[in-house]
Every structure is written in structure tokens, then in C-alpha cells.
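Biologist: Got a minute to walk me through this one? Please put it up on the screen.

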Amino acid sequence: MNAMPPLTRRLLLTTGGALVVSFALLPKLAALAQNVPKLPGDLDKTPMLDSWIAIDAQGRITVFAGKAELGQGIKTALIQCAAEEIEVDPAGITLITADTERTPNEGYTAGSHSMQDCGTAILNAAAQVRGILIELAATRLNLPAEQLKATQGTVVANDGRSVRYGELLTGQDLHRPAQPTSPLKDPKNFVVIGKPMQRVDIPGKLTGKPAYVQDMRPNGMLQARVVRPPSYGARLTQLDAGAVESMPGVVKVVRDGSFLAVAAQGEFQAIDAMEALSALAKWEQGPVLPEQATIYDTIRQLPSNDSTILDKGTPGQQGAHTMRATYHRPYQLHGSIGPSCALAIFEADKLTVWTHSQGVYPLRNALADMLHMPQQQVHCIHVEGSGCYGHNAADDVAADAALIARALPGRPIRVQWMREDEHGWEPFGPAMISQAAASLDADGKLIDWQYDVWSNTHSTRPEGPAGNLLAARYLAQPFAQPAPKPIPQPEGGGDRNAIPIYTVPNARVISHFIPQMPLRVSALRALGAYHNVFSIESFMDELAHAAGADPVEFRLRHLDDSRAHDVVTMAAKEFGWQPDAKLPRGHGRGFAFARYKNLAAYCALALELEVEHETGAVKLGRIVVAVDSGQAVNHDGIRNQIEGAIVQSASWTLYEEVTFGRDGITSRDWSSFPMMRFPAAPESIEVHVIDRPGEKFLGTGEAGQGPAAAAIANAIADATGARLRELPLTAARIKAAIGI
Amino acid sequence: MTVLNVNGQQHRIDVDPRTPLLYVLRNELKLNAAKFGCGLGQCGACTVLVDHEPVFSCILPISVLEGRYIRTVEGLGSEGRPGPVQSAFIEEQAAQCGYCIPGMMMRAQGLLEHNASPSDAQIRDAMAPNLCRCGTQMRILRAVRRAAKAMMADAGTIQETAK
């Protein structure tokens, strides 16, 4: 697992870095560089081809990606991109992901950016490498390049001669910067991209092969557990750990200020010791939390930084109909099934951390800051964990492991959080509030749109300063949490998808960014788009109703983008959507559409459900989805992501809410924070992929989150006549709304 | 010393008999498939079979398991020769992160050993103790149905051969 990269590559990477620096230092060249066209995807940040692709003398191909497998199937899709353009069998490619000493720095694996940034880089790098191989073969065989073809790891000439890739390359051939354009294949000739290919990681995971950081157990490893405080900001005031240190298997109690942990030989011994420590520790309670019952009022009263992110025409027009609505979304959990885990070893002044963090480079920098170490002395290697769906406790547990490893040099330290801590301490998806107002003219066309959204930040990721690592805030010399920042448009954070995709002549959208965070929050899949699409797409249905229009037709009349038209039309057609369809009592159907971030994948869905009148319980029926992800590399991968997004979003939407009292978080397990179980899963989900060969990749992983929530709300309204605007749409709330 | 029969092999285990089976499987026997999810018997990531019954190995102390027949995913088949439930899950690509899937497969194996052709409602009820956060439920349901068919077909073939 700790294999060192080949020396030559390290050397090359260093050389590449030096080149970039020298460019930056020469103003003339830097000015020139500004006129250079942007390179495709993350080649723009890491332009040297050999940072991405290496081919050895035997022709073995290694591809280096700075994005990580989070369960979304990215490894398989990246291998497909590389194999297609280099012209080799996918099985012949070794993919190395997210490692601070081996791969390009592609920041976080987040925001549905992997295909767009990394897939695009690898596709183009692979095509350029193929071009170089053909050039080299042309020289070798003394033939024009037009008479040569790359296939199956070999360059073949018209005259029958051939040279294998491994024979063509010498040390520095791929050590050159990428070009702005690449000799990409015509999608008509694709044999790997867009063709069925099973996930490369599934067989191992399903047969007990070590696949996760949780499965690592190097020789001499100790098992460690952390005793978290009883609530946010509590301070450890008294501890006599003597009795714990003599417990069976216990190796060391580690304390630094209010950070408290124990390392033991056995995992159950570590858990026993953690419980004993927890019973002995005396804490001074931190600041009290706000009342949950009035949390939305509390949030609205906090100071906000307001920015107008859309101002078009003359907002404030009165029409034939004016409508207003307010929507709420509670704090929600990532709730990874496997609590966060990390392995760390501190030896010879160097720290190595195996982590399922979404960003090994930013984590490395934050760990270096926390431990006052040079960044080069910290090595972070991504190893898969349980699915994360955003910024969960992955980085925090890496910090825990690092602190314990520093106290026990030379011993590999494995830390896994307990379920109660994962539920209680992970950074939640922030609670949000939105207000929408719109006017329709007499023809049922939108003439005015005003939308306000209030939210905390959607990223407190550890970008460099240590203060966003949980443990760092509890050390004897604590790190302060950095001031939160909004994620700017066009991607946005709390205001992601707050700008309507629909055509309205007069519109204003205001994003109210609230710096003060009553609960710990950060990025949860889709960020603000989950709430904003829920709000906008619920509101569009309310407006369609006011206009006396079919909700699908009402959306189409306000959509100019032909690809948006195509997904909406396909979802409606495949569902069998009929205006004015009559459904049995208690049954409803709902439609929703969004283009994620207004710049990634398009996703439209129609669903039907049944509301049990006596209880308000929702039974999800058939769900039909259309998605346009641009060039589709792996159709089943796209379907799997969309199905997953819809089921996960349905669970958030119907059941999920973090609960808290004045003393702390109270939803600390799957009983107090219930999620969807099999009997409540939809009857079926059918995903139709609209492939766009040759078009850009459009990130898909988060595209289903918002539309699923709104379609459910719309179907509940259709089934019951009750419009629910506060998430989650629980049976109790539905029952209260429909009455006896 | 506790003697455990795991996947048909006897193992002498020298740990505190209060230790839940999960930690022994993972750390003493180095079997990766069963996973820690909650330690509370709420999520099913740790599901294994004991005498044909699915159990939460995270809360079951080894002291009660001597003489019982314990099975994990490693006992269903290998990457080279996956068992019918594993094959069905691979065919349906029924995994995203995959962390919960070994528990799902053991739950499904337990169901199919009791009921060779369960209805959709019976499958959903039987799988209810196990959680998947990635939202792979639709594929898992398809995989269990596929596994049921494959096992029925296998059983048919065996009966044919016996004649």
C-alpha cells in the first residue's frame, strides 16, 4: 500500500513544477501565457502530459488522476476515457488516484466535477499521447503519419510493419506540456466510451477483498478511538486516566487540551477504553444551541451579507396573478453507512495518512498546519471509504489519526469514528429558507420573478488553515475556525440553482449569506441546489396550477434551451404523462426538472405515489427520469448515480432532519435519525440517458437531488390537495395538512 | 479460548469472550467483508449468517457462538468463483460505494435459503434491517430476484443430474 512512486516520475514532476514556477516568475512570459488558450479540463492546472500518463518499456500504461473514487464509479469512466484515446484495452490500464506524491493536484472530488475536469484532462492527454506515439513511429518507420494507425497498444503501418508503444518511448518523450487541441477520435469510432463496461471495483468489494481504508491492517497497527466532548465547544476540565491506562490492551491515552483519545492493541479493547475514559472525563459545557422549534426564525435574525445574483428587466411587475411562498429545509446528515476512518503513521519526521478525504492535497496542507510541519513532510493517500456525499468526517478522522500517530511514533494508527459521533459531529447540510414571489400575465406567462434565499456557507472544508479540522479546535493551543466564505456564482453554494432556468423578463434573485453557524455545517451533495430546486420546482407547479396549465407544458413554455426541452419531453413521454390524467383517490403524480448548477447535467423526472389517508404515509411508485450528461462515457454509471440520487433525496425529503436540544445534537443514531428502508423504496426507477456524442461531459452525480424532492412534493399536492413547503415531508406533516 | 466455526473452518480465538463477532472476523481472522456500520444493530453492514439466520455481528458476543455455523461473504465465493448471490449482484452492478453490500448479500442469502422464490414484498421485508445510503436499493432488489432465479435454476439442474 505504501509503494513509493518510481524515482523517474518524482523527478519529472519536480521538473514540471519548476517549469511552472519559472513561467510565473517572468512577467513577459506570464503576460504571454495569459493569451495562451485554456487547456482542456485540469490539464490547465497540470499541463505536463507525463503527470497524467506513463508508459513503460513493456507498454504498461499508468494513468494518474487527482480525483478519487467515492463510489460514483469514476475509476471505471476514467479508464474508459484513457483506453479509448490511447487505443488500448481498458484492462491494460492501471489507474492511480488522489495521492499527494503521485497524482496531479485536482483539489476536491466534489461538485460533480470529476468527468468535466479530470475526465476531460485524461481524454485529451490520452489523445495527445497517441499523437506523440504515432509521430515517433513515423520517424522510426520513415513513413508519413497518415499511413500509421494506433491500435491495441501498437502503432501499425499500412505496409504491415508495427511497433509496440513500449518500444517507441524513451524517458522524456511524454514530458512535454499538453496542447490546447487534441487529435480526439470521432465519437462514431468509439469502441470503449459509451459502450457497456462493468465497474472495475465491484467484484473485489463483493468478495471480501481489502477495498476500503477500514480494511487496512499493516503490521504493528494499533486501534484507536476518540472521546468527543458532550457538545460543541465543551472543554475537558478534569481527567484521571490511570485506570484506563492499565486496562487490557491499552497502549496509550492521548490528551492534548480537550482532544482525548486512546490507542489499544485490539479494536474492542479500544472501544472499551474509550467508554471508560468517557465516564471519567469531566467537561465544561460549551455554548448552548438555539431552540430547534424556532430555528428558522433564529437563522433569519442572524446578520447576513446580501448579494443580488440576478437583476433583469424591472422586477416588481404586477400581473393577472401574483403568488408568494416560503420554503424550509432542515439540517440534514451525510450519514455515511461506514463511520469515517483513517490510518496514519508518523516516522522519521514524516507523516503518512491513508484517508477517504475528498481532497488529499487540501487535507495535507491543513494537517501540516495543525502539526506545524512542512507540507512536503505530510503525505496523504486516498483509499476508499464508505460513500460520503460531501464533506463528512473524513478529514476530521484523518486529523484524529495524525494527532494520535504523532504521540506514538512508528506505530500505524487506525481510527474509526463511532456511529454516535458520526451522526453528532459531522458537518451537516445547512438549514435553509427561501421566499419566492412571481407574477403571471393573463396568458399564463411568467412576467416577474423574485427569489430570496438564506443560508450558511456550504463549505467549511479544510482548505489549508487547520481550524476547519474538528480536533484542531480542541487542542491545548487551539486553532480558530476560519471565517466562512460563500461559494461564488455561477456555481454558488447556498444560492446554487437559485437563479431560475426559466425565461422571465423581469427577475431578481438575492442570496443572503449568513456567516454565523449555530450548528456545524458544510457541503452535502448538491449544496443549496437541493433546497432551491425543491423551492423553484414546487413553485413552478403552484404557478402552473394558477395559470390553469399542465405542469409539464407550463415548464416547456418557459424553457428556451433545446436540451432542457429534450429531457423534459423525454421524461414526460416515457412516463406516459397525460394532461388531466385521472388517478385513483390518494394517488398523485409529480414532475420536476433542473439543470444542475444551471451548467451541468440536465435531469427531469416524473413519478407517481400514494398517500395513505389515515396516516399521511407516502408510498413511492414508478419513477421515470431523463438525463443529459453530455457525452456519456458509461451509461450504466450515469443510471446508477441518478437512481442513487433519487433514492437518497427521497429519503432526505420524506424523513430526514437533524434534531437538537439546547445541550447538543440529539439525533445520534439510525433510530433518532431514520432513513429510508427497503419496504418504502420506490416501486421502480427507470433512467433514460440522452447521449450527446462529442459534447462536453456534464457532471451528473448531484443532478437528481433537487428534482426528486420537488417531484415528490408536487405529487403529494396532486394526491391530497395539500401543498407542503417545509422539509421533510413527513407522514405527520402530511396528515396534519390533509386533516381528518 | 473460544472455538469458532467460520466458513467451515475451526478457529481458536483468544480474546475477551464479550467481544462482538464482527471485530473477531475483521481483526483476528482478517475477513474484510462484514463491516462496522453502527455497532447498534441498526444498519446491517455487519450482517453474517449464524446457523442459516442473518444476525448483526456487531452486537453478538463470541461467547454465545461456540458450536454454531458462522458464514460470511468470503464463504459464498471468491473473485474468481463468485457464488450465485455475488454473481447476481455483480451482474446487476448492485453497488455504489459497496460498503453495505456484503451485509446485503448475507441478508439475501439467508432469505433465499428459507424461501427459494420470495415475492417482491417478501424481499423488501426481509431486506428491511439493512441500510444503503448511496441509494442502490433498486439494484439490490433486482440482484436478489436474479439470485433467486439462478439458485432455482441451479437446484433444477442438480435435481436433473440426480435423476
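**A sheet, its helix and the contacts**

Modeller: Let's start with one pair of residues: A:Leu148 stands opposite A:Ala157 in β5(A). Keep in mind that this is a predicted model.

Biologist: OK, and in which sense do β4(A) and β5 pair, parallel or antiparallel?

Modeller: Antiparallel, over four bridges, with β5 covering residues 154–157 of chain A.

Biologist: What's the strand order in the whole sheet?

Modeller: The order is β4-β5-β6 in chain A, so to speak an open sheet of three strands with antiparallel pairing. β4 (148–151) and β6 (162–164) of chain A are the edge strands, each pairing on one side only. On average, neighbouring strands are turned by 20° against each other, direction ignored.

Biologist: Which helix lies across those strands?

Modeller: Helix α4 of chain A, residues 114–141, lies across β4, β5 and β6 of that chain and runs at about 130° to β4(A).

Biologist: Switching to domains, how is chain A divided?

Modeller: Domain 1 is 7–199, domain 2 is 213–285 + 335–425, and domain 3 is 432–458 + 493–738.

Biologist: How many residues of domain 1 are in contact with domain 3 in chain A?

Modeller: 19 residues of domain 1, in contact with 20 residues of domain 3. On the domain 1 side, α3 (74–86) and α4 of chain A each give two or more residues. That side has eight nonpolar, eleven polar and no charged residues.

Biologist: And how many residues of chain B are in contact with chain A?

Modeller: 50 residues of chain B, in contact with 51 of chain A. By class, the chain B side has 27 nonpolar, 15 polar and eight charged residues.

Definitions and conventions
Residues numbered from 1 in each chain as written. Chains lettered and ligands numbered in written order. Predicted model: local features only at pLDDT ≥ 70, side-chain atom pairs only at ≥ 80, totals over all residues. Pairing = 2+ DSSP bridges. Axes fitted to C-alpha atoms, helices over the stretch in contact; angles between N-to-C directions. Contact = placed C-beta atoms within 7 Å. Nonpolar A, V, L, I, M, F, W, Y, C, P; charged D, E, K, R; others polar. Domains from an automatic or database assignment.
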